[in-house]
Amino acid sequence: MRLLPLLLLALAAVSGCSTDEDDSFDYRPTCGSPIQIVDALVEIETDTYGLLDLRVDDRCLSVRIQATGCSSTQFRMDLLTRGEVKESLPTQTSARLIFDDGVPAGNVTCEALVEADFAFDLEPYLHDGVLPTQFTLIGLDTTLLIE
């Protein structure tokens, strides 16, 4: 019975959490889906939506849209880029938002206007080496200065 406290102490020492920090892992909490680099942007179809709000905070693009539907649960949005950075001061980059309302083509959906929020992580595409940049969203006539 006297050995029980020592045994419990030894067990706690062996199974305890390590406080050593691993410097090789650079933690960056993601803000949402990562931006995707693709070969072509124009050929990809997008469903109709209206842009309500757009902002960038620390390389995190937040988008609020409005579209017709019964609810936003089936809505999906991707942010695509060709990965090009035009050399200028500031640099020039571009991407395109691709929206899918979740309704197959030709099918009827509710006519209610529904809002949805999406977030996209612009890193590592917009790393320190290309900033500041004029970031253009193709098809929306919107350009943001990202520093």
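These legends accompany close-up views of a predicted model.

**View 1. The whole chain carries one helix and nine strands.**
The helix comes at the N-terminal end of the order, which reads α-β-β-β-β-β-β-β-β-β. The chain has 147 residues, and 29% of them count as buried. Its accessible surface comes to about 10,100 Å². Carbon and sulfur atoms hold 52% of that surface. Contacts between residues at least 6 apart in sequence reach far along the chain: 71% of them join residues at least 24 apart.

**View 2. Five strands make up an open sheet with mixed pairing.**
The strand order is β2-β5-β6-β8-β9. Strands β2 (36-37) and β9 stand at the edges. Each of the two has a single partner strand, so one side of each is left without a neighbour in the sheet. In the order, β8 sits between β6 and β9. The next three views take up β8 and its partners.

**View 3. Strand β8, residues 133-137, has one covered face and one uncovered face.**
T133, F135 and L137 belong to the covered face. Q134 and T136 belong to the uncovered one. In a regular strand, side chains alternate between the two faces of the sheet. T136 also appears in the lining of the largest pocket.

**View 4. Strands β6 and β8 pair in the parallel sense.**
β6 covers residues 91-100, and five bridges link this strand to β8. A95 stands opposite L137 in β8. On the other side of the pairing, L137 also has a bridge partner in β9, namely T142.

**View 5. Strands β8 and β9 form a hairpin.**
The two strands pair in the antiparallel sense, again through bridges, and here there are five. β9 spans residues 142-146. T133 stands opposite I146, and L137 has T142 as its bridge partner. Four residues lie between the strands. In the turn, G139 has a positive phi of about 85°.

**View 6. A four-stranded open sheet has the order β1-β7-β4-β3.**
Its pairing is mixed. The edge strands are β1 (33-34) and β3, each pairing on one side only. In the order, β7 and β4 lie between these edges.

**View 7. Strands β3 and β4 run antiparallel and form a hairpin.**
β3 covers residues 50-57 and β4 covers residues 60-68. Seven bridges join the pair. G50 stands opposite Q66 in β4. V56 has L61 as its bridge partner in β4. Two residues lie between the strands of this hairpin. D58 takes a positive phi near 50°.

**View 8. H127 lies in the loop between β7 and β8.**
β7 spans residues 113-121. H127 has 38% relative accessibility, so this residue counts as partly exposed. The C-alpha atoms of H127 and R59 are separated by 8.8 Å. Along the chain, these two residues are 68 residues apart.

**View 9. P132 belongs to the loop between β7 and β8.**
Where does P132 fall between buried and exposed? At 33% relative accessibility, P132 counts as partly exposed. Residues up to four places away in sequence aside, P132 touches P90, T91, L145, I146 and E147. One of these contacts, L145, is 13 residues from P132 in sequence. The C-alpha atoms of P132 and L145 are 7.0 Å apart.

**View 10. The largest pocket holds about 160 Å³ of space.**
Rolling a probe the size of a water molecule over the atoms shows where empty space is left. The lining consists of L41, T81, R82, E84, K86, Q92, T93, S94, T136 and I138. Which strand gives the most to this lining? β6 does, with three residues. By type, the lining residues divide into two nonpolar, five polar and three charged.

Methods:
Residues numbered from 1 in each chain as written. Predicted model: local features only at pLDDT ≥ 70, side-chain atom pairs only at ≥ 80, totals over all residues. Heavy atoms only, no water. Buried < 20%, exposed > 50% of the residue type's maximum accessible area, 1.4 Å probe, protein only. Pairing = 2+ DSSP bridges. Contact = heavy atoms within 4.5 Å. Areas by Shrake-Rupley, 256 points an atom, 1.4 Å probe, with all protein chains shown as cover. 1 Å grid on protein atoms, 1.4 Å probe; cavity = no way out; pocket = protein on both sides within 12 Å on 5 of 7 lines; lining within 4 Å. Points joined across faces, edges and corners; volume = space filled by probe spheres on them. Nonpolar A, V, L, I, M, F, W, Y, C, P; charged D, E, K, R; others polar.
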